[in-house]
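Below is a short note for a colleague who is meeting this structure for the first time. It takes up one sheet and what packs on it, and then turns to the contact between two chains.

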Amino acid sequence: MKGWLSLRLEKRLAVPRWLEYLTLALSLLLALAVIAVLFRALGVNPIVAYQRIFRGAFGSLYGLSETIVKAIPLMLVGVGLTIAFRARVYNIGAEGQLLVGAICATGLALACPNWPAWLLLPGMFVVGFVGGALWAMIPALLKARFRVDEVLSSLMMVYIASELVNYLVYGPWKGAKEMGFPYTDKFSPSAQLPRLLPTRIHYPTLILAVVSAVLAYLLIQRTKWGFEIRVTGENPEAARYAGMNYFTTVLLVMLLSGGLAGLAGVGEVAGIHYRLRYPQGVSPGYGFTAIIVAWLARLNPLAVILTALLLGGLLVGGDAIQVALGLPVATMYIFNGVILLFVLGGEVFTRYQIRLEWRRKT
Amino acid sequence: MSDQTGSDVAVAMHGIVKRFPGVLANDHVSFEARFGEVHALLGENGAGKTTLMNILYGIYRPDEGEIYIKGRRVTIRSPRDAIRLGIGMVHQQYRLVSTHTVVENVILGLPGNFFFPDRAARRKLEEFSEKYGLHVDPEARIWQLSSGEQQRVEIIKALYRGAEILILDEPTSMLTPGEIDELLGVIRRMAAEGHTVIFITHKLDEVFDISDRVTVLRQGKVVATLETARTDKPSLARLMVGREVLFRLEKRPASVGQTVLRVEGLHALNDRGLPAVRNVSFAIAAGEILGIAGVAGNGQRELVEALVGLRPSTQGRVFIKEQEVTHQPPRTLIERGVCYIPGERLIGLVPSLSVAENLILRNYCQAPFTQGAFLNYGAINEYADHLVAQYSVATPSLKTPVKLLSGGNIQRVILARETCRAPTLLVAAHPTSGLDVGATEYIRQLLLAQRDQGTAVLLVSEDLEEVLQLSDRIAVMFEGQIMGILPADQADLETIGLMMAGAKKMSVPEVV
Amino acid sequence: MWDFILLVLRAAIPAGTPLLFGTLGEVTAERSGVLNLGVEGMMIVGAVTAFGVTQSTGNIWLGVAAAALVGGILALVHAFASITLRVNQVVSGLALTMLGLGLSGLVGKRYIGMPPRTRFAPLAVPGLSDLPIIGPLFFRYDPLVYLAIALVPVLWFILYKTRWGITLRSVGESPATADALGVNVFRVRYLAVFFGGLMAGVGGAYLSVVYTTAWIEGMTAGAGWIVIALTIFAMWDPVRALLGAYLFGGVRVLQYRLQPLGISPNLLNMLPFIFTILVLLVSAGEAMRKRIGAPEALMQPYMREER
């Protein structure tokens with residue numbers, strides 16, 4: 001019996017809804033099972049760990065509030081990414097756009113500390129949006145005008161943004177009262193977002209995030225621009241045939257996804273830290289985690305609200321097992337990675353029919 | 001069984017049948033080629049020439065029939081089997097790695113020295129260069145080479161793999177006249193060395209320039225195999241296209257109105273940046289159908305794309321209702337009433353969007369479908385409902401993704417969208433290709449109805465019968481030029497066949 | 001001044017070595033048409049594996065070998081997802097990075113703050129290492145530096161002068177052509193991605209058992225992303241990868257030296273990424289792409305056309 005087992009994929013035409021949800025659920029379960037095995041192998045009791053994570057994230061009012069706090073930036077960035085990914089524009093530089101949003105808001109907060117809050121806070125959101133959008137414009141223009149691949153260019157822009165933050169907090173914006181920490185000075189009270197006390201939920205940003213999810217949904221499903229985005233993403237040739245302008249569509253989706261990431265950055269500095277800090281201090285990779293958020297939501301902006309809470313919960317759960325089991329925070333990235341891999345793999349089952357064949361050697 | 005084949009017969013194919021969904025591509029085809037001969041395989045597009053040769057090269061498996069190589073019965077499962085049997089094929093689209101050097105392309109996939117694998121090959125390349133006149137710099141990168149040089153690399157690749165039987169699929173279609181002469185020289189030398197060259201073509205001149213014998217295929221069947229020296233162009237043209245027209249459509253005489261489309265000296269390039277449309281001029285009036293006949297790849301696609309704004313023209317001017325629209329984007333042309341049924345259905349549709357959304361694909365941004373920024377789904381669905389009923393699109397619902405519909409219904413969606421608004425100019429490219437008889441009939445009636453209501457129709461089709469039946473005037477394109485425009489009632493198959501094969505050109509009358 | 005330059009050069013080579021390993025691997029993978037954004041993840045898992053194995057066996061070479069193997073295995077996850085299942089290469093690579101960061105954190109917890117059991121003695125090349133200037137600059141490093149340098153011509157030679165190289169490049173440029181000529185596209189891509197993982201693992205190992213001789217959580221600190229940038233910067237060529245790696249390594253070293261002079265280290269750190277974007281821009285044109293640009297089929301899953 002000479003031969004080999006070969007795996008063949010055949011495109012499926014119709015994908016029933018229930019199958020999509022079923023595979024999503026199965027992928028998640030399978031991912032959790034695999035992580036459990038990994039934990040076991042590395043000497044961590046997976047049942048205990050899962051309990052702690054769940055309790056930490058959702059089991060108390062505090063945990064829940066922290067989950068929401070972490071979900072806010074994920075939601076804003078994730079919503080923006082669904083728009084871009086729908087047009088098949090792979091903006092993976094949201095982390096950088098978020099940081100630039102934070103920089104711009106900080107700039108305004110430090111420059112005009114005496115403006116009243118009703119003027120300063122909206123102003124910060126506006127400059128944050130503009131900053132993030134402009135940062136995204138660079139890869140967008142390179143793509144639309146010179147056909148430079150946006151995956152690589154937007155990724156490079158992340159590290160430039162990150163060094164820019166470092167430059168500012170170690171250099172010209174270094175706070176006088178921060179005892180050598182790479183922070184700017186604390187914002188004046190009028191540049192601090194109100195919170196839902198006693199939690200850290202900066203609710204104006206939360207409202208902004210939820211509203212943007214709804215607006216993005218309407219944009220994609222109900223407006224002519226959304227129609228252009230969907231057609232461009234599905235079939236660029238048909239988009240040309242229909243008289244749509246590729247250039248403006250790419251610019252539009254990058255502008256929106258960059259701008260929304262910028263808003264997330266504003267939320268972090270104005271709602272949580274009240275200052276600009278070193279890059280990892282502003283965002284522990286929200287811009288990258290949001291890619292999972294968008295993908296898990298199947299590029300549906302409304303579903304992003306849920307998936308952002310889920311991934312936010314995982315981040316908080318990570319803190320919980322750090323305290324309870326003494327595991328490093330980075331452990332939670334295992335969840336991100338494995339879940340993403342399984343969801344990606346699961347999609348294959350919905351897009352293709354998978355056939356295992358035994359092939360004889362001829 | 002080997003008594004069937006004489007000792008000088010290199011290839012013999014008997015009773016080859018190949019079916020594709022809905023098409024009988026080869027219908028009991030028998031074919032023979034001898035050692036040392038150049039054998040032309042002549043026929044229109046879709047006659048089954050390339051299919052037959054793809055079977056010989058192992059790309060397709062025949063449903064029925066037998067193949068003999070040098071008198072021995074063989075089964076060819078893949079190109080690798082074919083190569084082992086000494087068969088080589090040069091496809092119309094070259095299969096070369098464009099950033100590699102010539103010699104790297106030649107040795108790719110072959111066993112041999114691990115280090116410096118190109119050294120042995122280089123000697124062989126020099127040998128070919130001397131023996132056959134296949135001159136090409138072994139160190140040159142493919143992308144730096146002209147089309148003719150790339151073709152030489154493909155031939156060298158086949159020879160390097162020991163090909164004694166070489167199939168060339170429309171080898172002159174991408175070449176300049178000078179390069180064609182060189183190629184013919186190479187072919188002669190190969191035949192003189194005892195190779196068999198099978199030359200697929202639709203051009204009569206080439207058949208007479210190069211071949212010893214010619215086999216004519218029509219609609220999947222062999223019509224004749226002849227000694228080239230004992231035949232002439234008109235009889236070959238008749239054999240190639242001369243079928244009886246099976247049925248005549250009821251057609252009212254055209255009531256021609258004002259000129260709608262006027263094209264003056266248009267030039268355009270193909271995707272490779274080479275001239276594909278060359279100095280094309282014609283006009284179409286309201287209420288008439290101008291058919292463009294020609295073998296695929298003679299610039300029809302580029303001409304159509306230039307007319308609907310999808311391809312920039314490099315020279316010349318286009319007018320619609322006497323207003324210049326040269327270099328206008330598709331959107332402007334849509335607004336001027338230019339509708340377009342594209343040759344490839346996938347360009348005209350977004351497979352995963354719904355039937356309703358696909359029905360407004362080209363006018364989504366006009367009222368009432370868009371109000372302000374928002375799509376008005378009420379109006380869209382109402383409109384779609386109306387069209388689905390009017391054009392009898394069989395769909396479970398308006399929300400069904402079009403990719404779930406059958407081919408005929410998908411085409412109806414496009415037709416409905418492009419014809420329902422009484423277009424000024426309707427450009428239809430291969431509107432019935434791949435459809436069954438019923439759908440074809442429906443579409444032809446629809447095009448006539450469009451004409452009768454005063455639309456100017458430009459019909460491009462490889463199906464000569466279709467062009468003859470529907471058109472009021474017929475233009476024939478060959479190598480990017482219009483060879484002539486004939487009124488349909490004066491068009492005889494022989495003239496058209498000769499023009500399609502580039503053998504005859506007539507002066508083009510300037511005005512309608 | 002001369003001493004200063006010498007000092008920087010001498011420091012740049014070890015700083016660039018992990019980048020060089022990673023880049024040689026990524027160049028190979030991308031040449032076959034597979035972008036692997038998981039380099040950061042593979043490197044950091046390599047780092048923790050090398051440290052752990054070295055601690056328990058006392059043998060650095062075993063540690064490095066284990067790191068290579070683990071890096072390769074992780075790469076196979078990406079290979080399976082992107083080659084066999086044809087999922088989006090970008091997202092799959094990101095997932096791999098996250099997985100790697102997580103695993104390294106979990107595994108490495110016990111090694112935090114542990115002093116190294118052993119370290120490499122610098123390998124002074126006899127005779128040459130005593131030469132003035134050139135001696136210390138070129139001939140007094142640990143063995144892995146030499147290994148990395150030695151790999152450059154080997155890889156270059158394989159890529160351009162052997163049958164394997166022709167096959168590898170053709171798969172990245174035009175998989176359909178290669179397939180038609182009997183090349184097994186899938187096997188070539190799997191092997192290339194696996195090799196990429198091996199190299200990333202070694203690069204990570206270099207950080208933990210040679211460069212820093214300690215395990216610190218998140219110690220790759222973006223080195224994997226620099227590798228991605230370097231691969232583009234080097235225009236997918238091993239020799240340019242060597243120059244680029246030492247240049248980028250030099251920039252990392254220089255930042256601490258130039259700070260006292262009032263030159264911002266952070267602005268300096270941006271330069272590699274800005275250069276990379278410029279390279280992307282310059283190589284985007286069709287004519288330039290053919291000479292120095294990305295492999296034509298990069299990021300495109302291959303699927304044989306079904307008849």
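**Notes on a sheet and a chain contact**

1. In chain B, 6 strands form an open sheet with mixed pairing, and their order across it is 16-19-20-13-21-22. The model is a predicted one, and the points that follow should be read with that in mind.

2. The edges of this sheet are strand 16 (338–341) and strand 22 (481–487) of chain B, each of which pairs on one side only. On average, and with direction ignored, neighbouring strands of the sheet are turned by 15 degrees against each other.

3. At one of these edges, strand 22 of chain B pairs with strand 21 (residues 473–478) of chain B in the antiparallel sense, over 6 bridges. Within this part of the sheet, B:Ala475 has B:Ile485 of strand 22 of chain B standing opposite.

4. Helix 13 (residues 407–419) of chain B packs on the sheet, where it touches strand 16 and strand 19 (425–429) of chain B, and its direction makes about 170 degrees with that of strand 16. Helix 16 (residues 493–500) of chain B also packs on the sheet, touching strand 13 (289–293), strand 21 and strand 22 of chain B, with its direction at about 30 degrees to that of strand 21.

5. Turning to the two chains, the contact takes 17 residues from chain A and 22 residues from chain B. On the chain B side, the elements that give two or more residues are helix 10 (330–335) and strand 18 (374–375), and helix 10 gives the most, with 3 residues. Sorted by class, this side of chain B has 16 nonpolar, 3 polar and 3 charged residues.

How values were computed:
Residues numbered from 1 in each chain as written. Chains lettered and ligands numbered in written order. Predicted model: local features only at pLDDT ≥ 70, side-chain atom pairs only at ≥ 80, totals over all residues. Contact = placed C-beta atoms within 7 Å. Helix = DSSP H or I, 4+ residues; strand = E, 2+ residues; numbered from the N terminus. Nonpolar A, V, L, I, M, F, W, Y, C, P; charged D, E, K, R; others polar. Pairing = 2+ DSSP bridges. Axes fitted to C-alpha atoms, helices over the stretch in contact; angles between N-to-C directions.
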